[in-house]
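Colleague: I would like a close look at a single part of this protein. Please choose the helix that has the most to tell, and take me through it slowly. Start with the strands, so that I can find my way.

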Amino acid sequence: MIETKLYNHNNFEELEDIWKSLQKGKDMTAFQQFTWAKALNDQYVKGCFGRGESALYIVALKNGQAKMIAPLHIKKYGFEYKGLGSEA
């Protein structure tokens, strides 16, 4: 059974051990490492919150073992509709 745990910018540091255990795979790039994610979280993500943006980190666990982290950037647009081909 797959469980999920949610993290955000406030408890991001709690992800360090989990993230570092996953980044040991041979197919990982620098952009998948904790140091890169931390730099983004500290510099970019934390600066976005006044603009209605936030970050969510979803950790998928199987039998208590972390299998995946999905870092998501959430941006609120309200009720504005921007259709395909519309002007910004």
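Modeller: Start with strand β3, residues 65–75. It runs antiparallel to β2, and ten bridges join the two. One residue pair to look for is A60, which stands opposite M68 in β3. Keep in mind that this is a predicted model.

β2 has another partner. Strand β1 (residues 2–7) pairs with β2 (residues 53–62), again in the antiparallel sense, over six bridges. Find L6 here: its bridge partner in β2 is I58.

Look next at the turn. β2 and β3 form a hairpin, with two residues between them. N63 sits in this loop between β2 and β3. Its phi is positive, about 55°, although N63 is not a glycine. Most residues other than glycine have a negative phi. N63 counts as exposed because its relative accessibility is 68%. Now check where E3 lies. N63 and E3 are 60 residues apart along the chain, yet their C-alpha atoms are separated by 8.2 Å.

Now the whole chain. There are two helices and three strands. Along the sequence the order is β-α-α-β-β. The chain has 88 residues, and 23% of them are buried. Take the contacts between residues at least 6 apart in sequence: 50% of these join residues at least 24 apart.

That brings us to the part you asked for, helix α2. It covers residues 34–43, and L40 is one of its residues.

Which residues of α2 are buried? They are F34, A37 and N41. They cover an arc of only 65° around the axis, so they lie on the same side of α2. The spacing makes sense. An α-helix has 3.6 residues a turn, so residues three or four places apart point the same way. What covers the buried residues of α2? The cover includes α1 (16–22) and β2. Turn to the other side of α2, and T35 and Q43 are exposed.

F34 has a further link. It is among the residues touched by Q23, along with M28, Q32 and Q33, not counting residues up to four places away in sequence. Q23 lies in the loop between α1 and α2. Is Q23 buried or exposed? Q23 is buried, because its relative accessible area is 18% and the cut-off for buried is under 20%.

Next, the surface. F31, W36, L40 and Y44 make a nonpolar surface patch of about 430 Å². L40 counts as partly exposed because its relative accessibility is 38%. For scale, the accessible surface of the whole chain comes to about 6800 Å², and 55% of that belongs to carbon and sulfur atoms.

Now the charges. How many salt bridges does the structure hold? The count is three. Begin with E13 and K38. They form a salt bridge, with their closest N and O atoms 3.3 Å apart. E13 lies in the loop between β1 and α1, while K38 lies in helix α2, so this pair ties together parts that are 25 residues apart in sequence. E13 counts as partly exposed because its relative accessibility is 44%. K38 is partly exposed too, at 27%.

K38 has another partner in D42. Their side chains meet in a salt bridge, 2.5 Å from N to O. Why can they be described as one turn apart? K38 and D42 are four residues apart in helix α2, which means about one helical turn separates them. D42, at 28% relative accessibility, is partly exposed. Salt bridges that share partners join E13, K38 and D42 into one network.

The other salt bridge is in α1. There the side chains of E16 and K20 meet, 2.8 Å from N to O. Both residues lie in helix α1, four residues apart, about one turn of the helix. E16 is partly exposed at 25% relative accessibility. K20 is partly exposed as well, with a relative accessible area of 33%.

Put α2 back together. F34, A37 and N41 are its buried residues. T35 and Q43 are exposed on the other side. L40 joins in the nonpolar patch. K38 and D42 share a network with E13.

Conventions. Residues numbered from 1 in each chain as written. Predicted model: local features only at pLDDT ≥ 70, side-chain atom pairs only at ≥ 80, totals over all residues. Heavy atoms only, no water. Buried < 20%, exposed > 50% of the residue type's maximum accessible area, 1.4 Å probe, protein only. Contact = heavy atoms within 4.5 Å. Areas by Shrake-Rupley, 256 points an atom, 1.4 Å probe, with all protein chains shown as cover. Pairing = 2+ DSSP bridges. Patch = residues over 30% accessible without salt bridge, like charges linked within 9 Å, V, L, I, M, F, W, Y side chains within 5 Å. Salt bridge = Lys/Arg side-chain N within 4 Å of Asp/Glu carboxyl O. Arc of directions from axis to C-beta.
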